[in-house]
Structures are given as structure tokens and as C-alpha cells.
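Please look through the structure shown here, beginning with its interior and ending at a loop.

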Amino acid sequence: MEAARHIHLWGALRPYAGGASVIVVEARTIRELFRKLEEQFPGMTPHIRRGIAVSINGRIYRDQWDTALPEKGEIYLLPRIQGG
């Protein structure tokens with residue numbers, strides 16, 4: 001069985017999770033996290049498809065979807081900011 005991770009949501013995602021600022025998801029990698037979010041909270045799908053950055057213990061991941069999620073880490077979903 002997978003370990004549950006506490007995921008902190010930025011404001012735009014909260015309405016799709018019933019207003020919660022933190023949700024619990026059983027996922028081992030960022031890719032699996034996004035898949036489970038789409039299953040459990042379909043309203044998040046457009047945000048996920050546009051791109052979401054994931055902060056794990058203060059480090060931001062943008063395209064490293066096979067990155068492991070630590071069991072007791074601080075995990076935040078953030079809007080992806082386009083550089084230019």
C-alpha cells in the first residue's frame with residue numbers, strides 16, 4: 001500500500017477540492033500525483049494540463065515527473081510561471 005502525502009494547494013485549485021487548502025493523496029511520484037488528482041478532482045485537469053509546478057521541501061520541479069514524493073516532505077502545488 002502506498003503512503004499518503006499531504007499536498008498543499010494554491011488558491012485557484014482549492015474550489016475543486018471542496019475549499020481545502022491541504023488534501024491527502026496516495027502517490028509515489030509527481031506523475032502519479034497528477035494522475036490521481038485528475039481522477040479524484042476532475043476540475044483540476046485544465047490546470048494540470050496547462051502546467052503545475054511542484055515544490056518539494058522548497059525545491060521547485062517543473063518537468064521532472066518521475067521525481068519521488070517523500071513520505072514526510074512539504075509538498076506544494078504552485079501555478080507554473082512561464083519564463084521569457
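A residue counts as buried when its relative accessible area is under 20%, as exposed when it is over 50%, and as partly exposed in between (1.4 Å probe, protein chains only). Helices (H or I, at least four residues) and strands (E, at least two) are DSSP runs, numbered from the N terminus. The model is predicted, so that local features need pLDDT of at least 70 and side-chain atom pairs count only at pLDDT 80 or more, while totals for chains, interfaces and linings use all residues. Residues are numbered from 1 along each chain as its sequence is written, and side-chain values use heavy atoms, with hydrogens and water left out.

In helix H1 (30-40), the buried residues are Ile30, Glu32, Leu33, Phe34, Lys36 and Leu37. They pack against strand E1 (4-8), E2, helix H2 (45-50), E3, E4 and E5, where contact means heavy atoms within 4.5 Å.

The largest nonpolar core, a set of buried Ala, Val, Leu, Ile, Met, Phe, Trp, Tyr and Cys residues joined through side-chain atoms within 4.5 Å, has 22 residues, of which Leu37 and Leu77 touch the most other members. Two or more residues come from each of strand E2 (22-26), H1, E3 and strand E5 (75-79), and H1 gives the most, with four. Leaving aside neighbours within four places in sequence, Leu37 is in contact with Ile23, Val25, Pro42, Met44, Ile48 and Leu77.

Strand E3 also holds Ser55, which is buried with a relative accessible area of 9%. Not counting residues up to four places away in sequence, Ser55 touches Ile60, Glu74, Ile75, Tyr76 and Leu78.

In the loop between strand E3 (52-56) and strand E4 (59-61) lies Asn57, and although Asn57 is not a glycine, its phi is positive, at about 50°.
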